[in-house]
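Thanks for coming, everyone. I have one structure to walk through today. Let me put it on the screen.

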Amino acid sequence: MATTPNRPTFQPFVAASESRPELTARALLLGALFGVLFGAVTVYVGLRAGLTVAASIPISVLSISILRAFGRASILENNIVQTTGNAGQSIASGVIFTLPALIFLGFDLESTRIFALALFGGWLGVLFMIPLRRQLIVEEHGTLTYPEGTACADVLMAGERGGSFASRVFLGLGLGAIYTLFQNENLFGLFPSTPNYSPDLGEQHLLRGGAIRADVTPEYLGVGYIIGMRVAAVMLAGGVFSWLVLMPAIYFFGSHLTTPLYPGTTLIRDMSPSQLWSTYVRPMGAGAVACSGLITLLRTAPTILGALTEGIKSIGKKTGQASETRSERTERDLPWSVVLGGSVLLVVLLWVFLQFKPVPGAQVGAFANLAAALLVVLFGFLFVTVSARIVGIVGSSASPVSGMTIATLMATAAIFLVRGWTAPAFGALAITIGGIVCIAAANAGDTAQDLKTGYLIGATPWKQQLAIMIGVIVSVLSIGITLNAMNKGLESFQRIPTPIALSLTQLPDGVQNQGSFTRDRVSLTDTSSATHTEIANARQYLLLNAIGSSTLADGKYLYNPATGKIEIQWTQGIGSEKAAAPQGRLMATVINGILSRKLPWSLVLLGVALVIMVELLGIRSLTLAVGAYLSIGTTLAIFVGGVMRWMVDRAAEKEGIQQTETESEISSGSLYASGLIAAGGIVGLLGVAIKLYEAATERTIPRFSDHNPLHHDWVSVLMFAALAFSLYYFARKPLDSSK
């Protein structure tokens, strides 16, 4: 009978017998600050690009330098900083994947609802990860690598030995901030933020309806560099199909129509490329993303089931462990009483929230709310277990969190369908349940990475777990504020060229009268000339909301009772071309498809057919589907970053330099790109805040005129090329870790 050899005893960087400063006030304060900052940046970049990037390494790099400036800091303190701060990024990822669906379902983003759901989901992810730590992190140390956690530990250990990589992050942050100040249209706007070319070639108007444009922002450049050439190219392929194939085809076949084509409210020949995208391409893209999400779920189902089975076994092993190992500092978790008591408390709090602050129109009984709270905890436990194991194999960025969320939404919506709860409000309730589960799974994956980092360097587990809970509380404040700020700051009002006559006594199916418009004035945007006109008496209008209507495209409209016509379309900031939120649209499409079954199916099924074709070609469809949904302005700018990564990698290969996966995580290029992402997010949010200030006070900040000699598309292209060259240059320049 074969015997299993004893596993060699692992020795962390800091021995269990050593006592160093760890859970200090300055570490928690700095970590909380990073949590607020990177949580807001993740919301900003994620809503715009449809992607998120890990924050633990940039936070670790910055922490090493900042704490070193205030005196000697221990590696354990720096680990607490990144553990606390990284909670903001993970919570934000779960929030932006799901809660924007509330807007697409016709509901407002209430700050209290965002705060509560993010808090419940964040804590759920931490609590259920506590009993899994020993089996996943310790017992399977040689099996589950947790790539981001291992790379972060390497950074912390290099910093403890005297190395410093922060200069490259600060360089990207500084240059990216200066660039964004002059690029962002909400700030100085020295040159166009989105250079654009709309082809209209020859007498046959070839390619009319399409466009080639790029949002020349530093965050897109940085994201493209980090995700690499392959992923960026597939995303751009989706954008090329939508903007240079599908949209010109729509114009070619529809320009002769004399009435608007559903779901549009404007003649196709009068539509700009942005209007064609939002009216016809976006529903198709949503169908593509939904189909590819379901395919991803089916493809990963064996992995998910296997991870769930192993996770349940892990808990059984955990409860049977001998108690003597608990005496070592590096083996002390928060006690089981915290896990069980916290879970019960979350069920109670969630029941109270659902009972006393229900989704308007989705009021159910106390027993049903209790069942919903228990359903959240059940799905939360299942997918926290799955997420914590999967990220150990493939990393956080490749974890199928969206697939787990889709499974939760489908199960919840199926229950609602059986009960007859098919009103739009119950779709919002399903998003509430799915949102908490998604946030819990996202936070559990990053918590597992953080605990892996702690295991490698010799941190105290219970102190890390407590730090994550503190990080969750602090970061959810900025996440909710940022979400609402972007929704309002990026909104637009546009006059409908041909007002639509409606009778308030006989509204079409799917159109609701939500009463008087509550603002005194609005600014109308003319997309053809980029000019703005003010309406001072906006309260004269009524607000109509269309969801699943066969007459109006989904969205909000301003109705003039004096003329009996819809005159203005109100485009929310989230869901617009500037913040497309593809994952949120995916979740709303799944919910609408099951509950109301009222979708522009001809367009949705075109997206489904596209995904099937791509899968038959042997290409993973989710990346291409997201690219087809996003504006080409987003995907083209990201592609430039991918090209820079390809050029850097090719140059390194010619010089015979081979990088491991861990080394690439902390390379000079990835650190500089992280600085660019942070700069674009921070300064971009500053621009949103200034726009909100101007709307509230009717004051404006000084800006460069659109007629200044540098306000030309070619200037934007040259400036973006210069920024891209800086990324290539500093990525090729090796890090000096000796100081």
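Let me start with a question: is F128 buried or exposed? It is buried, because its relative accessibility is 10% and the cut-off for buried is under 20%. Keep F128 in mind; I will come back to its partner shortly.

First, a word on confidence. This is a predicted model. Mean pLDDT for the protein chain is 84. Of its residues, 91% reach 70 or more. Among the elements, helix 23, residues 713-732, has the highest mean pLDDT, at 94. Helix 21, residues 661-665, has the lowest, at 50. Two stretches deserve a flag. Over residues 1-5 the pLDDT is below 50, and this stretch makes zero contacts beyond near neighbours in sequence. Residues 319-325 also have pLDDT below 50. That stretch has six contacts in the model beyond near neighbours in sequence.

Now the aromatics. The structure holds 19 aromatic pairs. One of them joins F128 and F381. The geometry is edge-to-face, with 5.7 Å centre to centre and 90 degrees between the planes. Where do F128 and F381 lie? F128 is in helix 5, residues 111-129, and F381 is in helix 13, residues 366-394. The pair therefore ties together parts that are 253 residues apart in sequence. F128 is buried, as I said. F381 counts as partly exposed, because its relative accessibility is 23%.

There is also an aromatic cluster. Y672, F725, Y729 and F730 form it.

Two arginines sit over rings. R585 lies over the face of F104, at 3.9 Å from the ring centre. The charged end of R645 is over the ring of Y225, 5.3 Å from its centre.

On to the helices. Helix 15 covers residues 424-457. What span should its 34 residues give at 1.5 Å a residue? The expected figure is 50 Å, and the end C-alpha atoms are 50 Å apart, so the two agree. Helix 15 is mostly covered, with 33 of its 34 residues buried. After helix 15 comes G458, whose phi is positive, near 90 degrees.

Helix 3 is next, with two residues to look at. Take G94, which is found in helix 3. G94 has a relative accessible area of 0%, so it is buried. What does G94 touch, leaving out residues up to four places away in sequence? The answer is C438, I439 and A442. The C-alpha atoms of G94 and V401 are 8.4 Å apart, although these residues are separated by 307 residues along the chain.

The other residue is E77, also in helix 3, residues 75-98. E77 has 3% relative accessibility, so this residue counts as buried. Not counting residues up to four places away, E77 touches P21, E22, T24, R26, A27 and L67.

Briefly, helix 2. S56 is located in helix 2, residues 56-69. S56 is buried, because its relative accessibility is 6%. Leaving aside neighbours within four places in sequence, S56 is in contact with Q82, N86 and C152.

Last topic: salt bridges. How many does a search of the whole structure find? It finds 21. I will take three.

The first is K578 with E185, where the closest N and O atoms are 3.9 Å apart. This pair links distant parts of the chain, 393 residues apart. K578 is in the loop between strand 9 and helix 17, and E185 is in the loop between helix 8 and strand 1. Both ends are partly exposed: K578 has a relative accessible area of 26%, and E185 has 39%.

Next, E139 with R134. Their closest N and O atoms are 3.4 Å apart. Which end is buried? R134 is, with a relative accessible area of 9%. E139 is partly exposed at 27%.

Then R208 with D200, at 3.8 Å between the closest N and O atoms. R208 is partly exposed at 30% relative accessibility, and so is D200, at 36%. Finally, salt bridges that share partners join R133, R134, E139, E331 and D333 into one network.

That is my tour. Over to you.

How values were computed: Residues numbered from 1 in each chain as written. Predicted model: local features only at pLDDT ≥ 70, side-chain atom pairs only at ≥ 80, totals over all residues. Heavy atoms only, no water. pLDDT = per-residue confidence, 0-100. Helix = DSSP H or I, 4+ residues; strand = E, 2+ residues; numbered from the N terminus. Contact = heavy atoms within 4.5 Å. Buried < 20%, exposed > 50% of the residue type's maximum accessible area, 1.4 Å probe, protein only. Phe/Tyr/Trp six-rings, centres within 6.5 Å; stacked < 30°, edge-to-face > 60°. Lys NZ or Arg CZ within 6 Å of the ring centre and 35° of its normal. Expected span 1.5 Å × (residues − 1). Salt bridge = Lys/Arg side-chain N within 4 Å of Asp/Glu carboxyl O.
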